[in-house]
Amino acid sequence: MKIMMIIPFDPSTGGGVMRAVKSQETVYRMLGASTETVHASELDRVDLRDYDLIHVHGPLIIGGLMMIRRSGVPAILTVHGWVMDEAITALRMNPMGNFHYIFRIINWILHRLIFIGLIYSAVTTVSEITQARNRLKGVVIHNALITGEVDEAVAECPSAGSAEYLKAVTYVSIGGSKVLSVPRLVRMVEKVNRTSSRNLKLFVFGDVDGHETENIKFMGYRDDFLCHLRSADIMILGYEMSELGYAVLEAGYLGVPVAKFRGEYEELEDGVHGIIAEDDEEMMEKLTEFTENPSLAREWGENLRAHVLKTRSPQVIGEKWRRLIREVTGMRPDATGKG
């Protein structure tokens with residue numbers, strides 16, 4: 001089977017969508033399928049009729065949609081983020097500079113009203129909360145974590161760590177609740193440090209800037225993110241979301257526990273995989289307890305690693321894709337198709 005993967009925009013090479021696409025390529029190869037990945041701007045150079053399946057990783061503009069329609073090839077749409085939330089947040093942050101997000105909003109409205117039903121044979125989302133926030137009805141298939149890539153990335157990392165402070169890491173992207181969570185995290189860390197005997201230093205990675213202090217460091221996108229993550233004592237998320245993004249999966253695989261707020265579809269357990277708090281006060285109380293007894297991190301981290309391996313391995317995720325592909329195309333992924 002030949003599968004065409006289409007990325008509708010030019011995302012950051014360090015962003016979550018590109019990591020999801022690369023892990024999807026690995027899953028498809030494991031299933032015996034061959035893949036080609038292009039950006040929407042490159043569609044003029046390919047003939048979609050040469051493929052058995054088209055897999056689109058986000059909303060395309062109408063030109064690309066019509067090319068899929070004319071090809072007659074079954075197509076799957078995967079939605080990775082909260083489309084409306086991300087567009088609205090970008091407009092709030094910089095209305096003039098991000099004015100083009102207006103067109104993304106209009107395009108997504110048209111997708112929900114017309115394009116999805118007209119173009120796609122199936123819709124998937126990477127989590128239950130992503131499906132709910134985008135108001136979609138589809139199949140939830142989580143992103144697979146390609147553990148070999150993580151192992152390779154951290155193989156040469158220095159064994160960092162500090163006896164002077166506990167290292168907390170967070171990762172944010174353009175998603176509304178994620179960006180707006182940073183001031184919340186900063187306030188909590190500062191309050192915890194006023195009462196605890198050992199400082200908690202927060203390293204913020206991703207698409208956000210802010211005012212640095214002795215205990216708050218803004219790191220941006222970094223090639224050595226996984227090295228920093230491996231040396232962390234805990235990962236903290238400042239938003240109510242049960243979706244386990246790549247940064248959380250990588251933390252879990254590396255044995256780093258998570259502190260987060262309970263989400264609507266929460267799959268982690270408080271006191272088992274880390275800290276799952278109901279509100280700010282509970283989070284600060286439990287973070288303070290953690291700073292006084294950081295040895296908890298080892299047990300929590302081991303439990304989270306076991307959970308990630310059990311639920312996000314390419315083999316587990318691949319079986320879900322195998323079933324969906326058979327349903328959409330009537331073919332096994334390792335079958336010989338048009339090519």
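**Exercises on salt bridges, cores and a buried threonine**

The count of salt bridges, each a side-chain nitrogen of Lys or Arg within 4 Å of a carboxyl oxygen of Asp or Glu, comes to 14. The model is predicted: local features need pLDDT of at least 70, side-chain atom pairs count only at pLDDT 80 or more, and totals for chains, interfaces and linings use all residues. Residues are numbered from 1 along each chain as its sequence is written, and side-chain values use heavy atoms, with hydrogens and water left out.

**Exercise 1.** Determine which parts of the chain are linked by the salt bridge of Arg-19 and Glu-250.

*Solution.*
- Step 1: the two side chains meet at 3.2 Å, N to O.
- Step 2: Arg-19 lies in helix 1 (residues 16-30) and Glu-250 in helix 9, so the pair links distant parts of the chain, 231 residues apart; helices are DSSP runs of H or I with at least four residues.
- Step 3: Glu-250 has a relative accessible area of 5% and is therefore buried (under 20%; exposed is over 50%, partly exposed in between, with a 1.4 Å probe and protein chains only).

**Exercise 2.** Describe the salt bridges within helix 10 and helix 11.

*Solution.*
- Step 1: Glu-282 and Lys-286 meet at 2.6 Å, N to O. Because they are four residues apart in helix 10 (residues 280-292), about one helical turn separates them.
- Step 2: Lys-286 is buried at 17% relative accessibility. Asp-270, Glu-282 and Lys-286 are linked in a network of salt bridges.
- Step 3: in helix 11, Arg-298 and Glu-302 are also placed four residues apart, about one turn, and their side chains meet at 3.6 Å, N to O.
- Step 4: Arg-298 is exposed at 66%, whereas Glu-302 is partly exposed at 48%.

**Exercise 3.** Identify the helix that gives the most to the largest nonpolar core.

*Solution.*
- Step 1: a nonpolar core is a set of buried Ala, Val, Leu, Ile, Met, Phe, Trp, Tyr and Cys residues joined through side-chain atoms within 4.5 Å.
- Step 2: of the 32 residues in the largest core, Val-169, Phe-225, Leu-229, Met-235 and Leu-254 touch the most other members.
- Step 3: helix 9 gives the most to this core, with six residues.

**Exercise 4.** Establish the polar contacts made by the side chain of Thr-78.

*Solution.*
- Step 1: Thr-78 lies in strand 4 (residues 75-79), a strand being a DSSP run of E with at least two residues.
- Step 2: at 4% relative accessibility, Thr-78 is buried.
- Step 3: a polar contact is a pair of N or O atoms within 3.5 Å; within protein, one must be able to donate a hydrogen and the other to accept it, and residues adjacent in sequence count only if both atoms are side-chain atoms.
- Step 4: the Thr-78 side chain makes such a contact with the side chain of His-55 at 2.6 Å and with that of Thr-124 at 2.6 Å.
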